[in-house]
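Trainee: I keep meeting labels for residues and rings, and I would like to learn how they are earned. Could we go through some together?
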Amino acid sequence: MKRSSAGPIAEAPRERFDAAGRRVLLVCVAGGFTTLLDQSVLNTSIPALRESLHAQPAHLQWIVAGYSLAFGLALVPGGRLGDVRGRKWFFVTGLALFTAVSLLSATATEPWVLVAARLLQGAGAGLVNSQMIGTIQDVFSGQLRARALGMYAVTGGLAFALGPPVGGAVLAAFGPEHGWRLTFLLNVPFGLATVVLAARHLPRPRPSARHADLDLVGLLLVGALTLTLMLPFVQPPGWAGWLAFAAGDCLLLGMLVGWQRRYARAGGHPLIHPALTRSAPYALGTAVAMAQFGSSLAAGLVLAMFLQDGLGLSPMGAALVSLPSAVSMGVASALAWRVVQRFGRRTVTAGMTGSALVMLAGGLVVHWGPAGALPWLLAALQLAGGAAVGVMGATNQAYVLRHAPAEAAGVSGAILQMAQRIAAAVSISALSGVYLRATGGGGGHRAAYTYASAVCAAVAGLAVLASVCAGRAGAGREAEADAGAEAGPGARGDREAAVGPGPTGARAQQ
């Protein structure tokens, strides 16, 4: 029976993870939770650590955004190293670095020490996360891969949603002076336990790439390009600076494209696999992921500012309004495989449409609704928005990664994550600016939230269009593969390369 990329991922009965697969998945989920909880908890602690360390605004920018910058820089090199050398010990090393530096962060007495520690933590977290998606792709296939990616995505959503109430509870219990330090120490027990589990249960280092050349020039160019893309949003420059960074981006992108072609002609195996650059479904699916991730994080930030600055809620109260999103995301992601079996690739488009409508509705509710009812109305919309993201987030990720060859599993996942990090940096910087400018312009917090929500909804609307195009591109690619199957016996491998492996279950390499 033929499978369409616009149709179900799998039509077989629900498969179950075997014991080895469950252990691997536990390690990946624990690593993701540990590294992603850190940043969301820290956001609650910023006022306390600012007073304790007498930090300047520039220090605070680097403490918050430097983590994401280093995270993004480590993703692609980490993914390639995992492809070539095996993933297990890079995972363990990155998590051990992240955990050790958490102790340094908790004991910092100067702002610059905390800035340096956050950069090192981000690098460790990027190295860990680049191995997780590659490991999931190595160990699972078909329906189980989609479910594993869904659990990983849910873990990230839960970590971001649970961080503010956890941080608020720690600060309330221990006071601001010691509370912000304890938020960093929360990482240590989780990190140590996950390091032990990873050393015991991750598959032995078996490189998935058939070629051992690292393409060091490609790695340097990708790192430089990532830096010039994200740095302006971490430390915003003046207009001359923006123009200089834009020129640098264009120059580095041209150099990267030229080098990859030259390296391939010389018989090397370039960092960015040619199958990724030629795959419209991969590129369009990555664009969907960028727009969804960026608009969701920016909408969450603007909501937190509005609830506290506009409605006067406490940090804990604002976190409770956002909490329904985490709950519905978890439930929807657990059930998403059933929806995907019936509706296939259209699930992504429907979920993204729902997310855009929720963002638009949030702006209208804030503009027209009574102030006393707004927390309840916004919490209800968060419930609906979390469900929409839960249905489509991991599903889109699974469809994107189906178009990646096995030898580029780590790099393909790393590029996807790096694109999302860049989208987050751009969206958070731009949307917070929209909100703050609107409040400063005399329109008030309600008008500012309405404007920012409309921008988020517009970005999500672009993701809907990209999702429709990705579905059509995937269907066209599979049609070509099916035509090749009728033309010759060797086309089966071509078809599998185009649409990914079928639901063959776990392949835990113990």
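Trainee: What makes Cys456 count as buried or exposed?

Mentor: Good place to start, and keep in mind that this is a predicted model. The relative accessible area of Cys456 is 2%. Buried means under 20%, so Cys456 is buried.

Trainee: And which label does Cys469 get, and why?

Mentor: Cys469 has a relative accessible area of 40%. Partly exposed covers values between 20% and 50%, so Cys469 is partly exposed.

Trainee: How many disulfides does the structure hold?

Mentor: It holds zero disulfides. To count as one, a pair of cysteine sulfur atoms would have to lie within 2.5 Å.

Trainee: Let's turn to rings. How many aromatic pairs are there?

Mentor: A search of the whole structure finds six aromatic pairs. One of them is formed by Phe33 and Phe190.

Trainee: Why is the pair of Phe33 and Phe190 called edge-to-face?

Mentor: The ring centres of Phe33 and Phe190 are 5.8 Å apart, and the cut-off for a pair is 6.5 Å. Their planes stand at 65°; over 60 degrees counts as edge-to-face, so that is the name this pair gets. The pair also links distant parts of the chain: Phe33 belongs to helix α1 and Phe190 to helix α6, 157 residues apart.

Trainee: What makes Phe33 and Phe190 partly exposed?

Mentor: Phe33 has a relative accessible area of 21%, and Phe190 has 39%. The range for this label runs from 20% to 50%, so Phe33 is partly exposed, and so is Phe190.

Trainee: What about Trp180 and Phe184: why are they a pair, and of which kind?

Mentor: Their centres are 6.1 Å apart, within the 6.5 Å limit. With planes at 85°, the pair is edge-to-face. Both residues lie in helix α5, four residues apart, about one turn of the helix. Trp180 is buried at 0% relative accessibility, and Phe184 is buried at 1%.

Trainee: Back in helix α1, how do you know whether Thr34 is buried or exposed?

Mentor: The relative accessible area of Thr34 is 3%. The limit for buried is 20%, so Thr34 is buried. Thr34 sits in helix α1, and a polar atom of its side chain lies 2.8 Å from the backbone oxygen of Ala30.

Trainee: Which residues farther along the sequence does Thr34 touch?

Mentor: Leaving aside neighbours within four places in sequence, Thr34 is in contact with Phe98, Asn187, Phe190, Gly191 and Thr194. You have already met Phe190 as the ring partner of Phe33.

Technical notes. Residues are numbered from 1 along each chain as its sequence is written. This is a predicted model: local features need pLDDT of at least 70, side-chain atom pairs count only at pLDDT 80 or more; totals for chains, interfaces and linings use all residues. Side-chain values use heavy atoms; hydrogens and water are left out. Rings of Phe, Tyr and Trp (its six-membered ring) pair if their centres lie within 6.5 Å; planes under 30 degrees apart count as stacked, over 60 as edge-to-face and the rest as tilted. Helices (H or I, at least four residues) and strands (E, at least two) are DSSP runs, numbered from the N terminus. Buried means under 20% relative accessible area, exposed over 50%, partly exposed in between (1.4 Å probe, protein chains only). A polar contact is a pair of N or O atoms within 3.5 Å; within protein, one must be able to donate a hydrogen and the other to accept it, and residues adjacent in sequence count only if both atoms are side-chain atoms. Contact means heavy atoms within 4.5 Å.
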